[in-house]
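Here's a quick walk through one model, taking a helix and then a sheet. Have the sequence and the 3D view open as you read.

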Amino acid sequence: MNKIVGLDIGENSVKMAYFVGRELKRTAKLELPDAMVSGGRILSMDAMADFLRDAAKGSGIPLTNAALVVPASEVFTRAVTVPAMTEQQLFYNLPYEFRDFLTEEKSKYFFDYAVRRIVNDETGHPKEMELFACAILKTTVEGYRAMLHRAGFKLKVLTPAECAYAAVLAFAEERDDTLRESCIVALGHSSSHLYIYHGREFDSHREIDIGSAALDALIAEDQSVDIHVARGYRQKNYNGVLEADYARDIYARLAVEVVKAVNFYNYNNRDRELTDVYFCGGDNIGALVHAMEENTKLRVRPAAELLAQEMRPADEPWMYLGAIGAVGEGMRGEEK
C-alpha cells in the first residue's frame with residue numbers, strides 16, 4: 001500500500017491527501033455542490049463517486065488506494081472492558097456490547113476492535129481486556145466500497161474520526177513522548193465535533209451544535225447577499241465580516257462549549273490536566289483562535305505541530321488532519 005489517498009468528506013467540502021509511503025505529495029480541498037451530504041450521510045453515492053473522480057483528476061491526485069474517514073452518523077464506537085478471552089470468543093461477544101445502540105439485527109453489522117491494554121490479575125495472568133470497539137452496517141461499508149470503485153479508487157481503510165485523529169496524535173508522539181492530554185475540535189458546516197485524548201488514546205467525543213452555516217446565515221443577513229456569496233465573504237473575511245459582533249458571538253459560544261467539555265474532563269480526571277486544543281477544518285480560523293485565546297485559559301496550538309515535516313501540507317494544514325489521519329491509521333495497521 002505504497003500509494004494511498006486519504007479522503008475526508010464533509011457536508012460542503014472534500015479534503016484529499018495523497019501519500020507515497022509516509023511522504024505527503026499533494027493535497028486538495030474542493031467544495032461540494034449543494035445537497036450532496038446531509039447530517040454526515042452522502043445522499044447520492046453515484047453523484048459523489050463522479051465528483052470524487054473528477055476532483056481527483058483535476059487536482060493531479062491519482063486514482064489509487066483510498067483511506068476514508070467515516071462520519072459519526074454512520075458508525076457506533078465504544079470503549080469497553082471485557083473479561084480476557086480468545087479472539088473467537090471476543091467476536092462472538094462483541095455484538096452484545098452494542099445491543100443498546102444497534103437498530104438492525106447484529107448479523108447485518110461488521111464489528112471490529114483495537115486492544116488498548118491487558119489487565120493481569122495478582123498471579124500475572126490476563127484478567128480483563130480494555131478495547132476500543134466499533135460497529136458499522138455491512139450495507140454502509142459496501143456502499144462506500146462501490147462508491148469508491150465507481151470513482152476509480154480501491155477502498156483499503158475505513159476508519160472512524162476518533163481513530164483518524166488518534167493516528168495523527170500517534171505521529172506527534174513519535175517526536176514528543178511527553179504528549180499527554182489534548183483536545184481536537186473539528187469545525188463543521190452544521191455542527192462541530194470535539195474529541196478528547198489521553199496521549200493518543202481516545203477518551204470522549206461531543207458534538208457541538210455550532211458550525212460555519214450559522215455564521216454564513218448571519219453574514220448573508222448583514223450583508224444582504226445570497227448564502228453562497230456569504231460563504232465566500234467568510235472564507236476571505238471580505239468587508240471584515242469575521243470581526244463583526246455576530247461573528248465574535250458565534251466564536252465565543254463555541255469557546256464556551258469547548259471549555260465546558262474540557263472542564264468536565266478535568267473534573268473527572270483529577271490526576272490529569274487538559275490544556276491544549278487543536279482546531280481542524282473550517283476556513284480562515286484565525287478569528288476563532290483569537291476568540292478562544294480571549295475567552296479561555298486554554299492553549300490553542302497550531303495543528304501543524306502534530307504533523308512531521310514530510311506529512312505537513314504547505315497551506316492550511318488544519319484542513320487535512322482527518323484525511324492524513326485516515327492514511328495514518330492504515331500505516332499503523334500495516335505496522336501491526
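Helix α5 covers residues 212–223, and its length checks out: at 1.5 Å a residue, its 12 residues should span 16 Å, and the end C-alpha atoms do sit 16 Å apart, so the two agree. Bear in mind that this is a predicted model.

Which residues of α5 are buried? They are Ser212, Leu215, Asp216, Ile219 and Ala220. Looking down the axis of α5, you'd find these buried residues within an arc of 140 degrees, so they line one face of the helix. That fits the usual geometry: an α-helix has 3.6 residues a turn, so residues three or four places apart point the same way. As for what covers the buried residues of α5, the list includes α6 (227–236) and α7 (245–268). Right after α5 comes Ser224, with a positive phi near 55 degrees.

Now for the sheet. It's an open one with 5 strands, running β3-β2-β1-β6-β10, and the pairing is mixed. At the edges are β3 and β10, each pairing on one side only. From one strand to the next, the twist averages 20 degrees.

Helix α4 (residues 161–175) packs on this sheet, where it touches β6 and β10, and its direction makes about 95 degrees with that of β10.

Within the sheet, β1 and β2 pair in the antiparallel sense over 7 bridges. Asp8 stands opposite Lys15 in β2.

Here are some of the strands with their residue ranges:

| Strand | Residues |
|---|---|
| β1 | residues 3–9 |
| β2 | residues 13–20 |
| β3 | residues 23–31 |
| β6 | residues 65–70 |
| β10 | residues 154–160 |

Conventions:
Residues numbered from 1 in each chain as written. Predicted model: local features only at pLDDT ≥ 70, side-chain atom pairs only at ≥ 80, totals over all residues. Heavy atoms only, no water. Pairing = 2+ DSSP bridges. Helix = DSSP H or I, 4+ residues; strand = E, 2+ residues; numbered from the N terminus. Axes fitted to C-alpha atoms, helices over the stretch in contact; angles between N-to-C directions. Contact = heavy atoms within 4.5 Å. Expected span 1.5 Å × (residues − 1). Buried < 20%, exposed > 50% of the residue type's maximum accessible area, 1.4 Å probe, protein only. Arc of directions from axis to C-beta.
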